[in-house]
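Okay, everyone, thanks for coming. Let me put the structure up and then walk you through it piece by piece.

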Amino acid sequence: MYKYLHIYQTPKLSGSIDISGAKNSALPAIAATILAKNEPTLTNVPEVADVKTLLKLLKILGASFEFENNTLKIDTSTINNTTAVYEIVKTMRASILVLGPLLTRFGECKVSLPGGCAIGARPVDLHLKALERMGADITIEGGYIHARGKLTGSDIVFDKVTVTGTENILMAAALAKGKTRIINAAKEPEVVQLCEILQNAGVEIEGIGSDEILITGTDGELLDFKTARIIPDRIEAGTYLCAGAITNSQITIKKANPNHLESILIKLNQMGFATEIDNDEITIKPARKIEPVNISTTEYPGFPTDMQAQFMAIATQAEGVSIIEERLFENRFMHVPELNRLGADIRIQGKIATIYGPKELIGADVMATDLRASSALVLAGLIAEGETKVHRIYHLFRGYEKLLEKFRALGAQMELKEEPNP
């Protein structure tokens with residue numbers, strides 16, 4: 001039975017919550033364990049739907065694992081199947097992350113092409129071209145990528161920055177023969193963590209955190225993984241800070257990494273919210289007046305596309321006109337009609353959304369379309385007069401751990417309810 005999130009207007013939040021481990025760091029770290037000769041342990045792994053989906057895929061491949069209290073111990077030595085089936089890959093595009101490690105370890109694999117993605121085309125052709133440069137023979141048969149061959153280091157130039165592409169080639173290069181240079185590599189903290197995990201496992205890597213990474217492969221020798229703690233989720237951290245902002249409340253997030261949140265904190269400051277940083281804690285304070293903002297999404301360390309929807313929700317309360325330009329994904333404004341249903345005045349022209357504020361929002365039934373769009377609707381629901389019902393809420397549980405408990409800990413009034421039968 002599907003559930004929806006029933007949100008009651010909550011004028012003010014207060015208190016503190018802990019930030020979970022980053023889903024987008026846990027997924028490549030889990031995929032990388034395919035390269036291990038030992039049984040790696042990952043801590044601070046968020047218990048969210050996407051992590052469970054990837055573990056389900058590894059189990060189908062023959063791996064085994066223990067996962068409790070956010071600690072994952074995984075044994076990939078028993079993998080005896082190298083086909084990543086459509087049934088799993090269609091539910092989560094990040095499943096493509098097994099392509100590089102399976103190919104470099106076993107010399108052959110079949111991975112289903114990812115299904116359609118609500119926020120637009122995220123083609124895997126960049127991954128495939130890079131693997132072909134490294135010597136892979138790749139064919140597409142029956143909706144599956146069939147890759148074969150022994151990989152050799154090569155210079156890889158990505159035409160555009162790709163996070164999963166960079167991660168896939170990092171893992172493929174780890175066991176390849178010779179040196180691989182990734183040019184125009186993604187610099188996201190999640191990519192940096194994957195580099196550090198591989199480096200600690202014995203792979204020689206230079207240029208970590210830069211746009212040019214040099215990997216010296218082990219020529220097929222499996223890696224000895226050390227225990228790694230997944231970094232804090234910067235998007236979850238940003239979302240809860242936005243909850244404080246939209247309700248103009250003082251709240252504190254703990255176990256965060258402020259260095260990963262610079263672009264988000266700068267925009268909150270520009271909107272009139274003061275923020276205080278104390279080691280791994282960030283406190284947001286109410287604004288005297290919520291100022292409009294101009295945002296363009298771009299690759300790290302720029303403003304993240306995964307925070308655009310949440311800031312749009314805050315902008316509905318700003319005194320003036322805000323402009324948000326979405327440069328990375330073509331369909332990432334699908335939350336706009338839903339926010340407008342709540343009383344927002346947002347107009348779209350191409351890649352630019354213009355938000356006229358302040359507008360008084362009024363509760364209504366709205367539909368979540370993707371993970372981050374869902375969180376924007378939750379934020380709007382906090383301040384909407386009356387009650388807001390967010391349907392298709394399963395999107396949220398793909399990436400937010402203990403969402404209900406955390407919002408309630410801050411004083412938000414919300415509950416999960418079952419959808420009535422059609």
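Here's one to start: how many residues lie between β20 and β21 in their hairpin, and which residue in the turn has a positive phi? There are two residues between the strands, and G350 is the one in the turn with the positive phi, about 65 degrees.

Quick housekeeping. This is a predicted model, so local features need pLDDT of at least 70 and side-chain atom pairs count only at pLDDT 80 or more, while totals for chains, interfaces and linings use all residues. Residues are numbered from 1 along each chain as its sequence is written, and side-chain values use heavy atoms, with hydrogens and water left out.

On terms: helices (H or I, at least four residues) and strands (E, at least two) are DSSP runs, numbered from the N terminus. Two strands pair if DSSP finds at least two bridges between them.

Back to that hairpin, then. Strand β20, residues 345-349, is antiparallel to β21, with five bridges between them. Strand β19, residues 321-325, also pairs with β21 in the antiparallel sense, over five bridges. Look at I355 in β21: S322 stands opposite it, and I355 is the bridge partner of I346 too.

There's another hairpin earlier in the chain, made by β4 and β5, with two residues between them. In that turn, N69 has a positive phi of about 50 degrees. β4 covers residues 64-68 and pairs antiparallel with β5 over five bridges; S64, for example, has D75 as its bridge partner in β5. β5, residues 71-75, is also joined by two bridges to strand β3, residues 41-43, and those two run antiparallel. There, L42 is opposite L72.

Now the sheets. One is an open sheet of four strands, in the order β22-β23-β1-β24, with mixed pairing. The edge strands are β22 (365-367) and β24 (413-418); each has a single partner strand, so one side of each has no neighbour in the sheet. Neighbouring strands here are turned by 25 degrees against each other on average, direction ignored. For angles, axes are lines fitted to C-alpha atoms, for helices over the stretch in contact (heavy atoms within 4.5 Å), and angles run from 0 to 180 degrees between N-to-C directions.

Inside that sheet, β1 (residues 3-8) and β23 (residues 387-391) pair antiparallel over four bridges, and I7 stands opposite T388. Lying across β1, β22, β23 and β24 is helix α12, residues 371-383, which runs at about 35 degrees to β1.

The next sheet is open as well, with four strands in the order β10-β11-β13-β12 and mixed pairing. Its edges are β10 (155-157) and β12 (204-206), each with a single partner strand, so again one side of each is left without a neighbour in the sheet. Twist from one strand to the next averages 15 degrees. β12 and β13 (residues 212-216) run antiparallel, joined by three bridges, and I205 has I215 as its bridge partner.

What about aromatics? The count comes to two aromatic pairs, where rings of Phe, Tyr and Trp (its six-membered ring) pair if their centres lie within 6.5 Å; planes under 30 degrees apart count as stacked, over 60 as edge-to-face and the rest as tilted. Take Y240 and F407: their ring centres are 4.9 Å apart and the planes sit at 50 degrees, so that pair is tilted. Y240 is in helix α8 (residues 234-246) and F407 in helix α14 (residues 403-409), so the pair ties together parts that are 167 residues apart in sequence.

Last, some backbone oddities. Most residues other than glycine have a negative phi, and most peptide bonds are trans. N184 isn't a glycine, yet has a positive phi of about 65 degrees; N184 is in the loop between β11 (179-183) and α7 (189-200). The Y300 to P301 peptide bond is cis, with omega near 10 degrees, and P301 is in the loop between β18 (294-296) and α10 (308-315). G357 and P358 are also joined by a cis peptide bond, omega about -5 degrees, with P358 in the loop between β21 (352-356) and β22.

That's my tour, over to you.
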